[in-house]
Amino acid sequence: MAAADREVARPRPVYLNLIAIRLPMPALVSILHRITGALLFLVGIPLLLWFIQRSLASPDAFEAAMLPLRTPFGKLVLFGLLWGYLFHLLAGLRHLALDLHIGITLAPARSSAAALLVLSVLLAIAIAARLW
Amino acid sequence: MSRPIPAPVGAHYGLRDWLSQRVTAIVMIVYTVLFLGYVLWNGGLDYTVWKALFAGNAFRLATFVMMVGLLWHAWVGVRNILMDYAKPMSLRLALQIAVICLLVGYAGWTVQVLWGGP
């Protein structure tokens with residue numbers, strides 16, 4: 001008997017409340033990889049090009065371009081983008097490892113996903129501390 | 001005896017995109033490590049160091065190669081996102097056209113930044 005012919009004992013619940021769904025660690029890394037990628041494309045690239053263009057014009061323009069980076073809001077935006085970039089990069093490396101069949105069983109996939117989240121934050125803090 | 005050739009199915013860009021996503025990622029990683037190394041080695045950036053860096057043609061070309069890789073990588077990634085979430089064909093096509101326009105604009109801006117300076 002084909003699976004489709006079988007009678008379903010109970011109707012399965014469709015449960016797609018995004019706020020109540022608890023994502024497993026690898027799923028969280030996967031969706032963050034996507035979100036950081038989209039943000040880098042929409043915000044990261046234009047801000048980077050804008051900053052380089054402004055900062056190269058003259059010593060005064062360089063100082064002016066650096067100015068927003070010294071405000072708390074500017075630092076927050078830069079830290080966010082820095083973390084987003086590092087997270088996306090490290091998640092990509094994890095992806096390459098998975099392609100090579102390294103760490104594809106459940107336990108290492110979970111722990112590497114958790115390590116990735118911690119490491120990306122620590123690395124972003126370390127680089128930000130070095131720059132400021 | 002030769003085996004029968006399977007009927008061609010699908011859009012045929014899957015493997016190419018899978019590979020180019022990884023190759024462009026590695027190009028960007030190499031660039032990032034070298035760039036971060038340079039900045040941290042110099043203990044941050046001031047205008048003189050920054051200006052001298054962008055005056056070198058090798059650095060300009062390397063940056064251009066990295067940016068082409070980045071824009072290509074962004075296209076594959078954003079197109080995958082649109083294929084997953086933008087289901088109506090008209091919406092998907094409109095968003096893909098917008099993304100392509102944005103990417104071509106970024107490419108032009110990159111050339112302007114690298115070679116259009118005073």
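**Exercise 1. Aromatic pairs.** Find how many aromatic pairs the rule gives over all chains, and work through those that cross between chains.

*Solution.* Begin with the rule, in which rings of Phe, Tyr and Trp (its six-membered ring) pair if their centres lie within 6.5 Å, with planes under 30 degrees apart counted as stacked, over 60 as edge-to-face and the rest as tilted. By this rule the count comes to ten aromatic pairs over all chains. This is a predicted model, in which local features need pLDDT of at least 70 and side-chain atom pairs count only at pLDDT 80 or more, while totals for chains, interfaces and linings use all residues. Residues are numbered from 1 along each chain as its sequence is written, chains are lettered from A and ligands numbered from 1 in the order in which they are written, and side-chain values use heavy atoms, with hydrogens and water left out.

Next, take Phe41(A) and Tyr106(B), whose ring centres are 6.0 Å apart and whose planes stand at 75 degrees, so the pair is edge-to-face. This pair crosses between chains, running from Phe41(A) in helix 1 of chain A to Tyr106(B) in helix 4 of chain B, where helices (H or I, at least four residues) are DSSP runs numbered from the N terminus. To place the two rings, use relative accessible area, for which buried means under 20%, exposed over 50% and partly exposed in between (1.4 Å probe, protein chains only). Phe41(A) has 5% relative accessibility and therefore counts as buried, and Tyr106(B), at 5%, counts as buried as well.

Then turn to Phe62(A) and Tyr47(B): their ring centres are 5.7 Å apart and their planes are at 65 degrees, so this pair too is edge-to-face. The pair crosses from Phe62(A) in helix 2 of chain A to Tyr47(B) in helix 2 of chain B, and both residues are buried.

Finally, look for a group of rings: Phe51(A), Tyr31(B), Phe35(B), Trp50(B), Phe54(B) and Phe59(B) form one aromatic cluster.

**Exercise 2. The largest nonpolar core.** Determine which elements supply the largest nonpolar core, and which of them gives the most.

*Solution.* A nonpolar core is a set of buried Ala, Val, Leu, Ile, Met, Phe, Trp, Tyr and Cys residues joined through side-chain atoms within 4.5 Å. The largest has 29 residues, and those with the most contacts inside it are Phe41(A), Ile45(A), Ile52(A), Trp50(B), Phe54(B), Leu103(B) and Tyr106(B). At least two residues of this core come from each of helix 1 (25-56) and helix 2 (59-66) of chain A, and from each of helix 1, helix 2 (47-55), helix 3 and helix 4 (89-115) of chain B. Helix 3 of chain B gives the most, with eight residues. Apart from this core lies another, of eight residues, among them Val29(A), Leu32(A), Phe87(A) and Ala113(A).

As a closer look, take contact to mean heavy atoms within 4.5 Å. Leaving aside its neighbours within four places in sequence, Tyr106(B) is in contact with Phe41(A), Leu42(A), Ile45(A), Pro46(A), Leu49(A) and Leu71(B).

**Exercise 3. A helix and its cover.** State how far helix 1 of chain B reaches, and what covers its buried residues.

*Solution.* Helix 1 of chain B (residues 14-41) has 28 residues and reaches 40 Å from its first C-alpha to its last, close to the 40 Å expected at 1.5 Å a residue, the expected span being 1.5 Å times one less than the number of residues. Its buried residues include Asp17(B), Arg22(B), Met28(B) and Tyr31(B). The cover over its buried residues includes helix 3 (72-99) and helix 4 (106-131) of chain A together with helix 3 (57-85) of chain B. After this helix comes Gly43(B), whose phi is positive, near 65 degrees.

**Exercise 4. A positive phi.** Locate His101(A) and decide whether this residue is buried or exposed.

*Solution.* His101(A) sits in the loop between helix 3 and helix 4 of chain A. Its phi is near 65 degrees, a positive value in a residue other than glycine. Most residues other than glycine have a negative phi. With a relative accessible area of 61%, His101(A) is exposed.
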